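I sat down with this one to look up a few things a bench person tends to ask about. My notes are below, in the order I went through them.

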Amino acid sequence: RFAGAAQRVASFPARALFFYWCRRRLPRMLLNDFRMIAAVPNRIVIVLVCLAYCSLVGQAVALACAQGEPFLGCLAAFAVGEFFCFALDRLLAPPAELAALVQSE
């Protein structure tokens, strides 16, 4: 019981980041079933996307704060995060025919 509760608590930040922030920015990527395509569970893909997003945004903020511009760092981090989500959505989206089939069901 404790291990299950600890796992839920540990996974909450990644789930919250994904469901409240990244999910709206990745609508086409979420049409893919990564288990079928790459033999990787969808949960792992979500965690990796969240970790990569946090890493990029954190690096942008850290670099700007190190230069003494925290406000500029937050703006740059937002822009980098938006570009990351845009590029990821385009790169990992299924072909248009498959996406239309999935959306029609």
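These entries cover cysteines, aromatic rings, one arginine and a surface patch.

**Before starting.** I am working from a predicted model, so I keep in mind that local features here need pLDDT of at least 70.

**Cysteines.** How many disulfides does the count come to? I get zero. I then looked up Cys 65 to see why. Its closest cysteine sulfur is in Cys 74, at 6.5 Å, which is too far for a bond. A disulfide needs the two sulfurs within 2.5 Å, so that pair does not qualify. While there, I checked accessibility. Cys 65 is partly exposed, at 40% relative accessibility. Cys 50, on the other hand, is buried, with a relative accessible area of 2%.

**Aromatic rings.** Searching the whole structure for aromatic pairs, I found one. The partners are Tyr 53 and Phe 84, with ring centres 6.4 Å apart. Stacked, edge-to-face or tilted? The planes sit at 45°, so I noted the pair as tilted. I also wanted to know which parts of the chain the pair joins. Tyr 53 belongs to helix α3 (residues 42-66) and Phe 84 to helix α4 (residues 70-91), so the pair ties together parts 31 residues apart in sequence. Buried or exposed, I asked next of Tyr 53. Tyr 53 is buried, at 8% relative accessibility. Phe 84 is buried too, with a relative accessible area of 17%; the cut-off for buried is under 20%.

**Arg 28.** Where does Arg 28 lie? I found Arg 28 in the loop between α1 (2-22) and α2 (34-38). Arg 28 is partly exposed, with 35% relative accessible area. Next I asked what Arg 28 touches, leaving aside neighbours within four places in sequence. The contacts I wrote down are Asp 89, Arg 90, Ala 93 and Pro 94. For Asp 89 I also looked up the backbone: the C-alpha atoms of Arg 28 and Asp 89 are 5.9 Å apart, although the two residues are separated by 61 residues along the chain.

**Surface patch.** Last, I looked for nonpolar side chains on the surface. I noted a patch made by Ile 44, Val 47, Leu 48 and Leu 51. Together these residues have about 350 Å² of accessible area. I followed up on Ile 44, which sits in helix α3. At 42% relative accessibility, Ile 44 counts as partly exposed. Helix α3 is also where I had placed Tyr 53 earlier, and Tyr 53 is buried.

Technical notes
Residues are numbered from 1 along each chain as its sequence is written. This is a predicted model: local features need pLDDT of at least 70, side-chain atom pairs count only at pLDDT 80 or more; totals for chains, interfaces and linings use all residues. Side-chain values use heavy atoms; hydrogens and water are left out. Buried means under 20% relative accessible area, exposed over 50%, partly exposed in between (1.4 Å probe, protein chains only). Rings of Phe, Tyr and Trp (its six-membered ring) pair if their centres lie within 6.5 Å; planes under 30 degrees apart count as stacked, over 60 as edge-to-face and the rest as tilted. Helices (H or I, at least four residues) and strands (E, at least two) are DSSP runs, numbered from the N terminus. Contact means heavy atoms within 4.5 Å. Patches are made of residues with over 30% relative accessible area and no salt bridge: like charges are joined within 9 Å, nonpolar side chains (Val, Leu, Ile, Met, Phe, Trp, Tyr) within 5 Å. Accessible areas come from the Shrake-Rupley method with a 1.4 Å probe; for residues, only the protein chains shown count as cover. A salt bridge is a side-chain nitrogen of Lys or Arg within 4 Å of a carboxyl oxygen of Asp or Glu.
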